[in-house]
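Student: I am new to this structure and would like a close look at a single part. Please start with aromatic pairing, and then work outward to the surroundings.

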Amino acid sequence: MIKDEFAAKVDRIAQECVAVRLRILNRVVTNVYDEALRPLDVKVSQINILVAAAKMGVVRPKDLGEVLHLDASTLRRNLERMQARGWLEVVPNEEDGRSQPVRLPAPGRKLLERAAQGWDAAQAKVKKLLGTGTVEQIAAAAQRLGGASKS
């Protein structure tokens, strides 16, 4: 009887887990965008950081992390790589020497302009794969949960 209960719980999780399905969906969709952006040697996660920085102007990493729902270590790692490539630059902060706000410099802007075509192709492919209704439902869910609609 205990084995049957355990097996039933395992089956239920395997068949119904929303988190697992979202993670699989995220990996598949991310791969579509990353493949389209590969010629520019940039990932969609980095494009999202650049877009948020472009929209927010001079922004503290903490605020970027909050808007994009990224943990501090993941964001810091990405910011370091992107700064090394000249896609983001640190803005001196006289008020708080510990805070290192960033902004999008000209090379980051140019990268976003060049990435737009690959992004458009990936966006169209994902919309076709998922269907318009699903894409709209994902957008609505993200907005309800306070997701990427802020960036």
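Tutor: Rings of Phe, Tyr and Trp, the last by its six-membered ring, count as a pair if their centres lie within 6.5 Å. The angle between the planes then sorts the pair: under 30 degrees is stacked, over 60 is edge-to-face, and the rest is tilted. The model here is a predicted one. Searching the whole structure gives 1 aromatic pair. Its members are Y33 and W119, with 6.4 Å from centre to centre and 40° between the planes. The pair is classed as tilted because its angle of 40° is neither under 30 degrees nor over 60. The two residues are 86 residues apart, so the pair links distant parts of the chain: Y33 belongs to helix α2 (residues 18-37) and W119 to helix α6 (residues 106-130). The two partners can also be described by accessibility. Y33 is buried, with 9% relative accessible area, whereas W119 is partly exposed at 32%.

From Y33 we can follow helix α2 to another of its residues, I24. Together with V20 and V28, I24 makes a nonpolar surface patch of about 240 Å². I24 has a relative accessible area of 47% and is therefore partly exposed. Elsewhere, nonpolar residues come together out of the solvent. In soluble globular proteins, nonpolar side chains tend to be buried together.

The largest nonpolar core has 28 residues, and the members that touch the most others are V42, I47, I49, L50, L64 and L88. At least two residues of this core come from each of α2, α3 (44-56), α4, α5 (72-84) and α6. Helix α3 gives the largest share, 6 residues. L50 shows what such a member touches. Leaving out residues up to four places away in sequence, L50 touches M82, W87, L88, L104, L111 and L112. One of these, L88, is itself among the core members with the most contacts to other members.

M82 and W87 also turn up around a residue of another kind. Q46 lies in helix α3 and is buried, with a relative accessible area of 8%. Neighbours within four places in sequence aside, Q46 is in contact with D41, N78, M82 and W87. So M82 and W87 are touched by both Q46 and L50, while D41 brings us to a loop.

D41 sits in the loop between α2 and α3 and is partly exposed, at 48% relative accessible area. Although D41 is not a glycine, its phi is positive, about 60°. Most residues other than glycine have a negative phi, which is why a positive value deserves a mention. H69 is another such case: its phi is near 55°, again in a residue other than glycine. H69 lies in the loop between α4 and α5 and is exposed, with a relative accessible area of 54%.

Last come the charged side chains. The whole structure holds 6 salt bridges, and three examples follow.

Between R38 and E35, the N to O distance is 2.3 Å. R38 is partly exposed at 48% relative accessible area, and E35 is likewise partly exposed at 48%.

Another bridge joins R12 and E16, whose closest N and O atoms are 3.5 Å apart. Why can R12 and E16 be described as about one helical turn apart? They are 4 residues apart in helix α1 (residues 2-16), and this spacing is about one turn. R12 is exposed, with a relative accessible area of 56%.

The bridge between E66 and K62 has an N to O distance of 3.4 Å. Both residues lie in helix α4 (residues 61-68), 4 residues apart, again about one turn of the helix. K62 is exposed at 54%, while E66 is partly exposed at 46%.

To return to the starting point, the pair of Y33 and W119 is tilted, and it connects helix α2 with helix α6.

Notes:
Residues are numbered from 1 along each chain as its sequence is written. This is a predicted model: local features need pLDDT of at least 70, side-chain atom pairs count only at pLDDT 80 or more; totals for chains, interfaces and linings use all residues. Side-chain values use heavy atoms; hydrogens and water are left out. A salt bridge is a side-chain nitrogen of Lys or Arg within 4 Å of a carboxyl oxygen of Asp or Glu. Buried means under 20% relative accessible area, exposed over 50%, partly exposed in between (1.4 Å probe, protein chains only). A nonpolar core is a set of buried Ala, Val, Leu, Ile, Met, Phe, Trp, Tyr and Cys residues joined through side-chain atoms within 4.5 Å. Contact means heavy atoms within 4.5 Å. Patches are made of residues with over 30% relative accessible area and no salt bridge: like charges are joined within 9 Å, nonpolar side chains (Val, Leu, Ile, Met, Phe, Trp, Tyr) within 5 Å. Accessible areas come from the Shrake-Rupley method with a 1.4 Å probe; for residues, only the protein chains shown count as cover.
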